[in-house]
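Q: I'd love a close look at one part of this model, taken slowly and with its surroundings in view. Could you walk me through it?

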Amino acid sequence: MKDAVNLQGVSKHYGKKQVLENVDMDIGEGAIYGLIGPSGSGKTTLVKMIIGLILADKGSIRVLDAEMPNLKMLERIGYMAQSDALYLELTGRENLAFFASLYPLKKAESRNRQAYVADIVNLTGELDKKVEAYSGGMKRRLSLAIALVHDPALLILDEPTVGMDPELRLTVWDEFFELKREFQKTIVITTHVMDEAERCDVVSLVRDGHILATGSPVELKAAYGAGNLEDVFLKAGREHP
Ligand SMILES: Nc1ncnc2c1ncn2[C@@H]1O[C@H](COP(=O)(O)OP(=O)(O)OP(=O)(O)O)[C@@H](O)[C@H]1O
């Protein structure tokens, strides 16, 4: 399998703080890849470096065969940031239309994509409300729709399901599975939620800017003799104090 994302020896510091140290990572095309780790471990920094929003101090980052940062690649990446970057005074529909207009989509195709992604996140009936009247979960759903609107090959989703109720989380995960299965999308997800990590094909455990371990949930549990990923995390952490 080809890699959609490849990191070699990537490091980043802010002032005296080393936020990422010598990170190597291969994310296979068509995989759902989870980055799990505690708050402040470096997950957001890592995904922002993958899309080229933050520059590495050292190392190389390739995305879909292109050396990053590379502005052209943004057409092929869908990014959902941890905090919603939405125009509050506009409606959901206007937000979607605006973000869709940033990409070279034909008019009819753009309209179809906007309707399709609004439906995926269950927002079709709410599109004419101003976003300032949306709940936190609705804003997350709109941000996810925006990340999908240009049909990107690679999706980078920073805590996409925070604020969603359990039923919607399941719907959204079903959609991730379908995007992978039907359209061979590569999906990178950061999460604190262990049951979401369990649904990934591969997870990397991130702590203090290091990757403690990488593998499928089944492989990791077997390797550490653990019943769940939480225990894997604890055991891997003890091995790398
Ligand atoms: N612009 C910045 N300037 C200085 N320090 C930063 C900056 N951005 C992040 N950091 C620090 O880098 C570390 C990693 O932050 P990062 O946001 O990548 O963690 P995270 O794993 O995504 O956390 P969370 O799950 O809470 O979002 C933290 O200690 C954070 O305080």
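Is helix α1 (residues 43-51) largely enclosed by the rest of the structure or left open, and why?

A: Happy to take you through it, with the reminder that this is a predicted model. Helix α1 is largely enclosed by the rest of the structure, because 8 of its 9 residues are buried. The buried ones are K43, T44, T45, L46, V47, M49, I50 and I51. To put a number on the word, a residue is called buried here if 20 or more other C-beta atoms lie within 10 Å of its own. Just after the helix comes G52, which has a positive phi, near 90°.

What lies beside the helix? α1 lies across five strands, namely β3 (32-36), β6, β7, β8 and β9 (202-207), and runs at about 155° to β7. Helix α4 (residues 136-148) packs on the sheet too, where it touches β6 and β7, and its direction makes about 165° with that of β6.

The sheet itself deserves a look. It is an open sheet of 6 strands with mixed pairing, in the order β6-β7-β8-β3-β9-β10. At its edges stand β6 and β10 (210-215), each with a single partner strand, so one side of each has no neighbour in the sheet. On average, and with direction ignored, neighbouring strands are turned by 15° against each other.

Strand β7 (residues 154-158), one of the strands that α1 lies across, is mostly covered: 5 of its 5 residues are buried. Its side chains alternate, with L154, I156 and D158 pointing one way, L155 and L157 the other way, and all of them buried. On one side, β7 pairs with β6 (residues 77-80) in the parallel sense over 4 bridges. Within that pairing, Y79 has I156 as its bridge partner, and M80 stands opposite L157. β7 also pairs in the parallel sense with β8 (residues 186-191), this time over 5 bridges, and there D158 stands opposite T190. To get from β7 to β8 the chain passes through helix α5 (residues 166-183), and this β-α-β crossover is right-handed.

Now back to α1, which also takes part in the surroundings of the ligand: with 3 residues, it gives the largest share of the shell. The ligand is surrounded by Y14, V19, G37, S39, G40, S41, G42, K43, T44, T45 and Q82. By character, that shell divides into 2 nonpolar, 8 polar and 1 charged residue. K43, T44 and T45 thus appear in two lists, as residues around the ligand and as buried residues of the helix.

Two other members of the shell, Y14 and V19, lead to another part of the chain. Strands β1 (residues 3-14) and β2 (residues 17-28) pair in the antiparallel sense over 8 bridges, with N6 opposite D26. They form a hairpin with 2 residues between them, and G15 in the turn has a positive phi of about 55°. β1 pairs with β4 (residues 58-63) as well, antiparallel and over 5 bridges; there V5 has V63 as its bridge partner.

Taken together, α1 is a largely enclosed helix that lies across strands of the sheet and contributes 3 residues to the shell around the ligand.

Terms used:
Residues numbered from 1 in each chain as written. Predicted model: local features only at pLDDT ≥ 70, side-chain atom pairs only at ≥ 80, totals over all residues. Buried ≥ 20, exposed ≤ 12 C-beta atoms within 10 Å, placed from the backbone. Pairing = 2+ DSSP bridges. Right-handed = clockwise from strand over helix to strand, strands pointing away. Axes fitted to C-alpha atoms, helices over the stretch in contact; angles between N-to-C directions. Contact = placed C-beta atoms within 7 Å. Near = placed C-beta within 6 Å. Nonpolar A, V, L, I, M, F, W, Y, C, P; charged D, E, K, R; others polar.
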